[in-house]
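This report describes selected features of the structure shown below. It treats a helix and its surroundings, a sheet, the contact between chains and some backbone details.

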Amino acid sequence: MIEMMTANYAAAHGARLARADVVAVYPITPQTSISEKCAEMVEKGEMDAKFMMMESEHSAMSALIGASYVGARTFTATSSHGLALMHEMLMWAVGARRPIVMPVAARTIGGPWNIWGEHQDVITERDVGWLQIFCENNQEVLDTVLMAYRVAEDPEVMLPVMVIEDGFILSHTVDSVDVPDQEAVDRYLPPFRPEHPVSIERPMRHGGVVMPDWWTEFRHRIYLSQEVARTKLLEAEEAFQKEFGRSYGGMMELYRCDDADAVLVVAGSAAGTAKEVADKLREEGKKVGVAKLRVFRPFPAQEVHHLGKKVRTVGVFDRSYTFGDGGAMFNEVRSALHGQRNNMKNYIGGLGGRDVTVKNIEWIFEDLLKIASSGKVDRTVEWVALKDGSGRW
Amino acid sequence: MIDDPVNKHYKFTIPREDLMTPGHSACPGCGEPLALRYLLKALGPRTVINLPAGCAAIIPGVWPRYSLKVPLVDHAFECTAAVSSGIRAALDKKGVEDVTVVGWAGDGGTVDIGLQALSGAVDRSTDFLYVMYDNEAYMNTGIQCSGATPCGAWTTTTPGGKHIQKRHDKKPIMEMMIANGIVYGGTVSVAYPEDFIRTIRRAKSIKGPKFIHAYSPCPSGWRMDPRKAIEVSRLAVRTGMFPLYEFQEGRYRFTKEIKKRKPVEEYLRLQGRFKHLTPADVAEVQALVDREYEELEAKVEAGRR
C-alpha cells in the first residue's frame, strides 16, 4: 500500500515488518521520530516488540547486544553524537557477531552544535566492522531495513548493518512509500535463529577473553564475513526484486555511465540530484554519468575498478571530510583505481545541512568535463561552494 | 536444609551442587570466586550472568576454557545493567520467566563508570539481580582508587603517608539504589556464606530490580596475607565497617546483628593499605564508621516500629 511518510517512519515500518523483537532507543535529532514511531506502533499493538527507553545510546546498543545473544531480532536508531557515544559498543557488536540493524539519520558531530545533515558521523565509523548502506530515498530506507536483516542474520555473515539516511533531507521529508504486506515480508525474511544463543540447556560463555594466540583468527573471520557479505547483499537484493519488484543497483548503481566522459561518485540523497543533473546535461549532449555508492562497507572495490576502466575521469563527492587528507570516499575510490590512469578529483560539500543544489552538481560536472578534455586535474581536493570561493584556490 | 547423603546426622544449609567448577584463575585469597560460587549455589542453574571488564572477566577462564555451568555474556565496562536489561527483554519476549538475570560487576564498574546504566535499569523496573562485588578499588588494572575505596586507604592513585587523599568514605551505593527505586537491597560477605545464600535467595524470590553489595577481599590490593582474607572479612562485619543488612518495602533489617562492635583498628592493622594511618587518622575512620553505623541502626530501629 502506498503511503506518504518520512524516511524515519519508513525505517520504523521496516522494523515492524521485520518483526523486531527488542527495540531499545535513546532520543537524538534527527533520528528521534524513528524511536517515537516504534513506541507508537507498540502501544497500538501493531508492533509486537519489547520496547525499552534507555539512558544513553551506549546503553541502547549494549541492551541490544544482550538481547540478540538470547536470540531476539533487535532494532535501534541513532545519529551523530549518539553514534559516536555508541562507538565502543559498535565494535563490541561486531566482535560479538550480533546481527543488529540500525538506521542512522546521518548528521554532523559538534562542536559547535549543528543538528543538520552530513555523513561525518557514519564515515567516522567506517572501520568498526558494520555493513554500511547509504539510501537515496524513503522507499529505499524501508526496503533496505528488510534486506539488512536478511544479510546480517545469514550464518556466514552475522554482522550488524547501518542503514544510512540523510538527516532531515530524508529523515524529515515526506515522500510516497510502498509499504509491503506482512505476508510478503514473512516470505522474504525468515525468523532469526542464531546457531549459538544464550541457553540454559547448553550453557556457554559468549565473548570471554581471547589471548594473542587466537585473536588474529577471530578478527580474520570477521574480515571473511565482510567479504562474503558482498555476495549475500546481491543475493538479498535479487530475492527482494523477485518478491517486491524493486531493486537499487547492487553495491554501486551505475546511472548513464556506459559511454560517459566523466562520472561523479556520490552517496545518499545527493545521488538523486546528481541523476537529475546528468539527465539534463545529457540532453545538452554532455556525456556524464552518476555512480551511486550504495554500499560503503564492504567497499565495492571491484565495481569501482570496473567503472574506472570504463570512464577515464572520476569525481567523488564527499559529504564528510578527513582533516589532514581528502574525503574518505574519495580516498577509497582512488585506492580501488590504483594503477589505472584515471583523472580523479574530490569534491567536498553539503556539510552541516547545507543543500547540495542542482547548481552545485552542474558546476562539478562542468569541472569534471574540463578535466576530461584537458587531461589535467587542477587540484585533488576542492571544497564546493564556499562563501568566499576560497575552496577553489 | 539439605541432607548430607553420607553423614546422615549433618544438616547442610548450603547446597552441594557447584555451578562453578575448579580451575578458575583468581589470586590466592581472592573473595570473588567464593562470592560467585555462593551466588550460583543460591540461584541454581536457571541463571544467566553478564559481566563487564574486571577481575570477573578473567577468573572464569580465558577462551576456550570456562569454569561456570551457566551461560555468561561478556561486555564492555560501563554497560552491565544495560546488557542485563537486553537479556531480560529478550527472555520476556520469548516468554521465559523462570530464569534469573544477573549483572555481576566490580565496585569501579558499578559506582563509577557503570552507575548511569545501573540507574537506568532500576528506573525501568528491570527484573534482574545486580551484584556489585566490592574489593574497594580497580583491582584488575592494579589497585587504583574507585568511588568505593574507603576513607584513608592507600591505592596507586591515592598516595598515603602525609598526603592521604581519600578523606571521605565510599559512595553510599546502597542508599543511592534505594533512592533510585530498587525493590530489594542486601549486603553480603564471603565470611558469612549462609547469610550470603539466604540473602541471594530472598532477592531471587522478588520481581523487579534488586541490588546486592558483596564484600570481596583482595589480598593483593589490600596488601595483606591471603590466609587472612576471611578473618579480615569477618572483622569488617564485626567492626561495623561492612554491616550485613537488607532493605525491603521501606524497612531495613540487620541480617547479622553485631551486639558489640570491635574497634576498627583491629580491621585496619591487618592490611598494608592502611599502614600509613596515624592514631589520629584511625580515630577519624572510627568516628566515620560510628556515625554511619548509628545512622543505619536508627533506620533499622525505625523499621521495627
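## Helix α7 of chain B and its surroundings

The buried residues of α7(B) are covered by elements of chain B that include α1 (32–43), β6 (128–134), β7 (184–189), β8 (209–215), β9 (244–248) and β10 (251–256). The model is a predicted one. Helix α7 of chain B spans residues 193–204, twelve residues in number, and extends 16 Å between its first and last C-alpha, close to the 16 Å expected at 1.5 Å a residue. Its buried residues are B:Phe196, B:Thr199, B:Ile200 and B:Ala203. Viewed down the axis of α7(B), these buried residues fall within an arc of 100°, so they line one face of the helix. The general background is that an α-helix has 3.6 residues a turn, so residues three or four places apart point the same way.

Among the elements that cover α7(B) is strand β8(B). Seven of the seven residues of β8(B) are buried, so the strand is largely enclosed by the rest of the structure. Both of its faces are covered: B:Pro209, B:Phe211, B:His213 and B:Tyr215 are buried on one side, and B:Lys210, B:Ile212 and B:Ala214 are buried on the other.

Two parallel pairings involve this strand. Strand β6(B) is joined to β8(B) by seven bridges, and B:Tyr130 has B:Phe211 as its bridge partner in β8(B). Strand β7(B) is joined to β8(B) by six bridges, and here the partner of B:Gly185 is again B:Phe211.

## A six-stranded sheet in chain A

Chain A contains an open sheet of six strands in the order β10-β12-β11-β14-β15-β16, with mixed pairing. The edge strands of this sheet, each paired on one side only, are β10 (252–255) and β16 (381–383) of chain A. On average, neighbouring strands are turned by 20° against each other, direction ignored. At the β16(A) edge, strand β15 (residues 343–348) of chain A runs parallel to β16(A) and is joined to it by three bridges. A:Tyr347 has A:Glu382 in β16(A) as its bridge partner.

Helix α9 (residues 270–283) of chain A lies across β10, β11 (262–266), β12 (288–293) and β14 (313–318) of chain A, and it runs at about 165° to β12(A). Helix α10 (residues 301–310) of chain A also packs on the sheet, where it touches β10, β11, β12 and β14 of chain A. The direction of α10(A) makes about 20° with that of β10(A).

## The contact between chains A and B

The contact takes 36 residues from chain A and 37 residues from chain B. On the side of chain B that touches chain A, the elements giving two or more residues are β3 (47–51), α2 (55–58), β4 (72–74), α3 (80–93) and α5 (115–123) of chain B. The largest share of that side, eleven residues, comes from α3(B). By class, the side of chain B that touches chain A has 22 nonpolar, eight polar and seven charged residues.

Strand pairing also links the chains. Strand β9 (residues 205–206) of chain A and β4(B) pair in the parallel sense over two bridges, and A:His206 stands opposite B:Val73 in β4(B).

## Backbone details in loops

The table lists two cis peptide bonds and two residues other than glycine with positive phi.

| Feature | Residues | Angle |
|---|---|---|
| Cis peptide bond | A:Thr29 and A:Pro30 | omega about 0° |
| Cis peptide bond | B:Trp63 and B:Pro64 | omega about 5° |
| Positive phi | A:Met158 | phi near 45° |
| Positive phi | B:Ser125 | phi near 55° |

A:Pro30 is placed in the loop between β2 (22–25) and α2 of chain A, and B:Pro64 in the loop between α2 and β4 of chain B. A:Met158 occupies the loop between α6 (138–152) and β7 (161–166) of chain A. A:Met158 is buried, because 23 other C-beta atoms lie within 10 Å. B:Ser125 is situated in the loop between α5 and β6 of chain B. With 13 C-beta neighbours inside 10 Å, B:Ser125 counts as partly exposed.

The helix that follows the loop of A:Pro30 is α2 (residues 32–43) of chain A. A:Ala39 is found in this helix and counts as partly exposed, with 17 C-beta neighbours inside 10 Å. A:Ala39 and A:Val25 are 14 residues apart in sequence, and their C-alpha atoms are 9.5 Å apart in space.

Key
Residues numbered from 1 in each chain as written. Chains lettered and ligands numbered in written order. Predicted model: local features only at pLDDT ≥ 70, side-chain atom pairs only at ≥ 80, totals over all residues. Helix = DSSP H or I, 4+ residues; strand = E, 2+ residues; numbered from the N terminus. Expected span 1.5 Å × (residues − 1). Buried ≥ 20, exposed ≤ 12 C-beta atoms within 10 Å, placed from the backbone. Arc of directions from axis to C-beta. Contact = placed C-beta atoms within 7 Å. Pairing = 2+ DSSP bridges. Axes fitted to C-alpha atoms, helices over the stretch in contact; angles between N-to-C directions. Nonpolar A, V, L, I, M, F, W, Y, C, P; charged D, E, K, R; others polar.
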